[in-house]
Amino acid sequence: MHVFVIGGTGTISRAIVRELLSQGHTVTVYNRGTRTDKPPAGVEVIQGDRTNRELFESTLRKRTFDVAIDMISFNAADAASTIRALPNIGQLIQTSTVMTYGPPFTSLYQDINAPLNGRHDGGYGAGKVAADELLLEQAQRGGVPVTIVKPSFTFGPGQPLFRQVDWGTNWIDRLRKGKPIIEANEGDNFFQFLPAADAATAYVALCGLKAAHQRIVHVVNPTALTWHEWHGLAAQAVGVPLETVSIPWDILVAADAKRYSALTTCLGHTQVFSPQSLLDLVPTWQPRVPLGAAVAETIEWLTKNDRIDNADTDLLEDRLIAAMRQLRSSVQDA
Ligand SMILES: NC(=O)c1ccc[n+]([C@@H]2O[C@H](COP(=O)([O-])OP(=O)(O)OC[C@H]3O[C@@H](n4cnc5c(N)ncnc54)[C@H](OP(=O)(O)O)[C@@H]3O)[C@@H](O)[C@H]2O)c1
């Protein structure tokens, strides 16, 4: 198959490209060429910015591919542009997200019929819902066949390694320096963490699969972990014992609502989604990369690319930890 990837040098899409090549497919990618890690040899690169709609669409209308994977479609306008650009494609795989379901998330192991509460978030989730709906509607009218893929948290070289309470990377530096890290409510909410290489095998299995047309498919790790377990994997990768200080969620948000906004928008909620929609189509799929190894590889990439922030310039965490310890000791004294 000749597969066209919009993106292709990102965290998930780079892994998809590698998997496609390893299975003998021909690959063309479309991106602006800003990444230092260039695509592997043998990949055709079309350089361009998809937000320049006219150029994006006219360039691609001259081309023929079997399957297109859109990694950077965030709203209905992006999705409509992709269809105008590739009106005769055999299958369009749209990258959506589990954040279309919430917060709030209504149950554990939510399946593809769960309420789309993300449509009300006014941003990321709402944009993805609108893109997905536009694509499915046009497919039902006989247009381009689509597969909507909804990955959960997917990580690997190329992007920061998140923790529970914020989007920064200095927690890795804290671990290295033997400092404790903050967890909200003991880091006890569950998440699904998927190595990008495992997401890639799912995407590639869906390529060219007729049964996947007009289907919504979760690409998630069937095994959920708590954030505390996740932090433990990072400590193991760094080679230190994990030391944490639990602070109630609402105290963190009250201390710095902006800094800890990730707790309210995404990371502070239990989010567990059923993998059944994928297993129905690809019963043999399962994650193969050990999570600890994938965490270690990501930390290695971040270190090599100087992407781990210095914890010493961020004093808020030390102050909150000291305040929490003092609170505990005064409660004990009382
Ligand atoms: N990681 C997760 O946990 C997760 C979970 C659910 C869904 N997702 C979805 O996964 C997708 C991200 O995939 P990824 O990890 O491969 O992406 P990524 O790491 O964000 O990389 C983005 C890719 O798109 C290219 N790109 C960005 N803006 C572009 C533009 N305007 N025109 C052309 N190319 C552009 C980038 O290359 P250049 O910068 O060189 O252009 C790069 O190849 C998003 O749709 C996201 O919503 C991610």
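**Exercise 1. Strand β1 and its partners**

Determine which residue of β2 stands opposite valine 5 in this predicted model, and in which sense the two strands pair.

*Solution.* Begin with the residue itself: valine 5 faces valine 29, which belongs to β2. The next step is to look at the strands as wholes, and here β1 and β2 are joined by five bridges in the parallel sense. Turning to another partner, β1 (residues 2-6) also pairs with β4 (residues 67-70), again in the parallel sense, over four bridges. Within that second pairing, isoleucine 6 has aspartate 70 of β4 as its bridge partner. In general, the strands of a sheet pair through backbone hydrogen bonds, and the arrangement may be parallel or antiparallel.

**Exercise 2. The whole sheet**

Establish the order of the strands in the open sheet, and explain why β3 and β11 each have one side without a neighbour.

*Solution.* The sheet has seven strands with parallel pairing, and their order reads β3-β2-β1-β4-β5-β6-β11. Because β3 (44-47) and β11 (215-219) stand at the edges and have a single partner strand each, one side of each is left without a neighbour in the sheet. On average, and with direction ignored, neighbouring strands of this sheet are turned by 20 degrees against each other.

**Exercise 3. Burial around β1 and β4**

Decide whether valine 67 is buried or exposed, and then ask how far β1 is enclosed.

*Solution.* Valine 67 is placed in strand β4. A residue counts as buried if 20 or more other C-beta atoms lie within 10 Å of its own; valine 67 has 25 C-beta neighbours inside 10 Å and is therefore buried. Apart from residues within four places in sequence, its contacts include Met1, Val3, Ile89 and Cys207. For β1, four of its five residues are buried, so this strand is largely enclosed by the rest of the structure. Valine 5, when residues up to four places away in sequence are not counted, touches Ser13, Ile16, Val17, Val27, Val29, Ile69 and Met71. Valine 5 is also among the residues that touch the most other members of the largest nonpolar core, a set of 78 residues, together with Ile16, Tyr203 and Ala234. The largest share of this core, eight residues, is supplied by helix α6 (residues 196-206).

**Exercise 4. The shell around the ligand**

Identify which element gives the most residues to the shell around the ligand, and describe how the shell divides by residue character.

*Solution.* There are 25 residues around the ligand, of which Gly7, Gly10, Ser13, Asn31 and Arg32 come nearest. At least two residues of the shell are supplied by each of α1 (11-22), β2 (26-31) and β7 (153-155), and α1 gives the most, with three. By character, the shell comprises six nonpolar, 15 polar and four charged residues.

**Exercise 5. Backbone features in two loops**

Find which peptide bonds leading into proline 103 and proline 104 are cis, and where tyrosine 109 and glutamine 214 are placed.

*Solution.* The bond from glycine 102 to proline 103 is cis, with omega near 10 degrees, and the bond from proline 103 to proline 104 is cis as well, with omega near -5 degrees. Proline 103 lies in the loop between β5 (91-95) and α4 (124-140), where tyrosine 109 is also placed. Tyrosine 109, a residue other than glycine, has a positive phi near 50 degrees, and its 14 C-beta neighbours inside 10 Å make it partly exposed. Glutamine 214 lies in the loop between α6 and β11; its phi is positive too, near 60 degrees, and with 13 other C-beta atoms within 10 Å it is partly exposed.

Technical notes: Residues numbered from 1 in each chain as written. Predicted model: local features only at pLDDT ≥ 70, side-chain atom pairs only at ≥ 80, totals over all residues. Pairing = 2+ DSSP bridges. Axes fitted to C-alpha atoms, helices over the stretch in contact; angles between N-to-C directions. Buried ≥ 20, exposed ≤ 12 C-beta atoms within 10 Å, placed from the backbone. Contact = placed C-beta atoms within 7 Å. Near = placed C-beta within 6 Å. Nonpolar A, V, L, I, M, F, W, Y, C, P; charged D, E, K, R; others polar. Core = buried A, V, L, I, M, F, W, Y, C linked by C-beta atoms within 7 Å.
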